[in-house]
Amino acid sequence: MSNIKYYILFSVTLLLQSCDFFYSTVNYTGKEADPRLCVVSHLSPPATPADMARIYVLHSEFFLNTGSSTIPVLDDAKVTLQVNNEQSVNAVYQRDTDTTYSRSEDGVMHPKVIYGGHYEAPVLFAANDTVRLHVEHPTYGTADALQICPAQQGMMFETDSLNKYGELWCHVHLSAYGGTMTDVLAMQVTINDDQKYIYSYAEDFAEYDNYQTRSLHYAGKSLLLAPSQRERDIPFIINASYLLYRNMSDPAKAQSDTDTLDVTLTILSQTHEGYAYQSSLARASGRAASGVPELASQNTGATQQGYGDMTNILDEITEAFDVLGNVEGYQVYGNLSGKDVQNVQPFGCFSLLNTNKQTVRIIIHYI
């Protein structure tokens, strides 16, 4: 086995040395791209009438222009939102400031104030309402988009059992979806406000490009699935292994110690345009390539057989080449129509989303 491992590593080393792109620097010699209008807004139905819808209006910048302390926000645009056939509402510009910190060579943290802004308006809408966004700017042209608000996914969430590996087995009953069937659902779980990995064999997750572990669980901190016009039950597992054996160094305390845990399941309903924008943005930035740990209950057998190290090495190599091979292959999706004086379309995305949350409180007794 060790000879095979060395051979694979040696072969990979030769392959990496033969790839000139690891060491080459290419100077950009093309012309500077003209700035375009850029609009980004992801809105949920307001919880109260006082909640404001936010719209970010900017212009793009040439990628070699770096070091600016100002976000290229446009504060002189006309921004309106319209719900169904009601009167349009004008959004008002609000200036923002944020502070970032960078460490110098001597280890000192230096603050830097970043100036930006957004537009906001009091807009009331609910599931299945149509919302239109319109943006005008005297220099950068117009941007328009229309979205139908997704429905809130009805559900009943229950926890079933906690095994010796600290894996919390659960299931959720989903009611028939009452919104547009092209919407996309995303399941997420937190324990005491800490987001956790979730795992499931359910084929409901097969339609979208969810990560799969070596044990073929669909897994991640967010799992995507399509809505359905039928009721269904979905089993899943929450990786909460840190909860177990916390006080085993003190058996007397362990016998009486307990934890109260709030397990929250969130199902996010989003328009397909919003899903396409977020997923393409994740791929283009490299965030979509991050791996997910295997469940502890699935790792045990591989480790005992002596194959764990080899499998991990091959997985890491495969993932690395997947990332390298796709660096130039992705384009960020946008759903804005419009044009400027040069007939160039704007960048960005306008999308609507809806959420449903349920929390189950469980008591853990340490033994």
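Leaving aside neighbours within four places in sequence, with which residues is asparagine 192 in contact?

## Asparagine 192 and its loop

In this predicted model, the contacts of asparagine 192 beyond four places in sequence are Thr260, Leu261 and Asp262. Asparagine 192 belongs to the loop that links β11 and β12 (194-196). A polar atom of the asparagine 192 side chain is placed 2.8 Å from the backbone nitrogen of aspartate 262. Asparagine 192 and threonine 264 are separated by 72 residues in sequence, while their C-alpha atoms are 8.0 Å apart in space. With a relative accessible area of 40%, asparagine 192 is partly exposed, because values between 20% and 50% fall in that class.

Aspartate 193 is likewise found in the loop between β11 and β12. The phi angle of aspartate 193 is positive, at about 70°, although the residue is not a glycine. Its relative accessible area of 76% makes aspartate 193 an exposed residue, since the threshold for that class is over 50%.

## Overall composition and confidence

The protein contains 5 helices and 18 strands. Of its 367 residues, 37% count as buried. The accessible surface amounts to about 21,400 Å², and carbon and sulfur atoms account for 51% of that area. Among contacts between residues at least 6 apart in sequence, 70% join residues at least 24 apart.

The mean pLDDT is 79, and 69% of the residues reach 70 or more. For residues 1-31 the pLDDT is below 50, and this stretch has 18 contacts in the model beyond near neighbours in sequence. Residues 302-328 also have a pLDDT below 50, with 21 contacts beyond near neighbours in sequence. Where pLDDT is low, predicted coordinates should not be read in detail.

## The four-stranded sheet

An open sheet of 4 strands follows the order β4-β3-β7-β8, and its pairing is antiparallel. β4 and β8 occupy the edges with a single partner strand each, so one side of each has no neighbour in the sheet. Strands of a sheet pair through backbone hydrogen bonds, in either a parallel or an antiparallel sense.

Within this sheet, β3 is joined to β7 (residues 130-137) by 6 bridges, and the two strands run antiparallel. Glutamine 82 has arginine 132 in β7 as its bridge partner. Between β3 and β4 the antiparallel pairing extends over 2 bridges. On the β4 side, valine 89 is the bridge partner of leucine 81, and asparagine 90 stands opposite threonine 80.

## The hairpin turn at asparagine 84

β3 and β4 form a hairpin with 5 residues between them. Asparagine 84 is located in this loop, which runs between β3 (78-83) and β4 (89-90). Asparagine 84 has a positive phi of about 50° although it is not a glycine. With a relative accessible area of 27%, asparagine 84 counts as partly exposed.

## Nonpolar cores

The largest nonpolar core comprises 29 residues, and those with the most contacts inside it are Val172, Met187, Phe205, Phe236, Ile238, Val263 and Leu265. At least two residues of this core come from each of β9, β10 (167-174), β11 (184-191), β15 (223-225), β16 (232-239), β17 (258-270) and β18 (347-365). Apart from this core lies another, of 26 residues, which includes Ala77, Tyr140, Ala143 and Leu336.

Valine 263 offers a detailed view of the 29-residue core. Not counting residues up to four places away in sequence, valine 263 touches Phe157, Leu168, Val189, Thr190, Ile191, Ile238, Gln358, Thr359, Val360 and Ile362.

## A buried glutamine

Glutamine 153 is situated in the loop between β8 (141-148) and β9 (155-162). At 1% relative accessibility, glutamine 153 counts as buried, because the class covers values under 20%. A polar atom of the glutamine 153 side chain lies 2.9 Å from the backbone oxygen of serine 175. Serine 175 is also among the contacts of glutamine 153 beyond four places in sequence, together with Leu174, Tyr177, Leu185, Ile267, Ser269 and Asn356.

Definitions and conventions: Residues are numbered from 1 along each chain as its sequence is written. This is a predicted model: local features need pLDDT of at least 70, side-chain atom pairs count only at pLDDT 80 or more; totals for chains, interfaces and linings use all residues. Side-chain values use heavy atoms; hydrogens and water are left out. Buried means under 20% relative accessible area, exposed over 50%, partly exposed in between (1.4 Å probe, protein chains only). A polar contact is a pair of N or O atoms within 3.5 Å; within protein, one must be able to donate a hydrogen and the other to accept it, and residues adjacent in sequence count only if both atoms are side-chain atoms. Contact means heavy atoms within 4.5 Å. A nonpolar core is a set of buried Ala, Val, Leu, Ile, Met, Phe, Trp, Tyr and Cys residues joined through side-chain atoms within 4.5 Å. pLDDT is the predictor's confidence in each residue, from 0 to 100. Two strands pair if DSSP finds at least two bridges between them. Accessible areas come from the Shrake-Rupley method with a 1.4 Å probe; for residues, only the protein chains shown count as cover.
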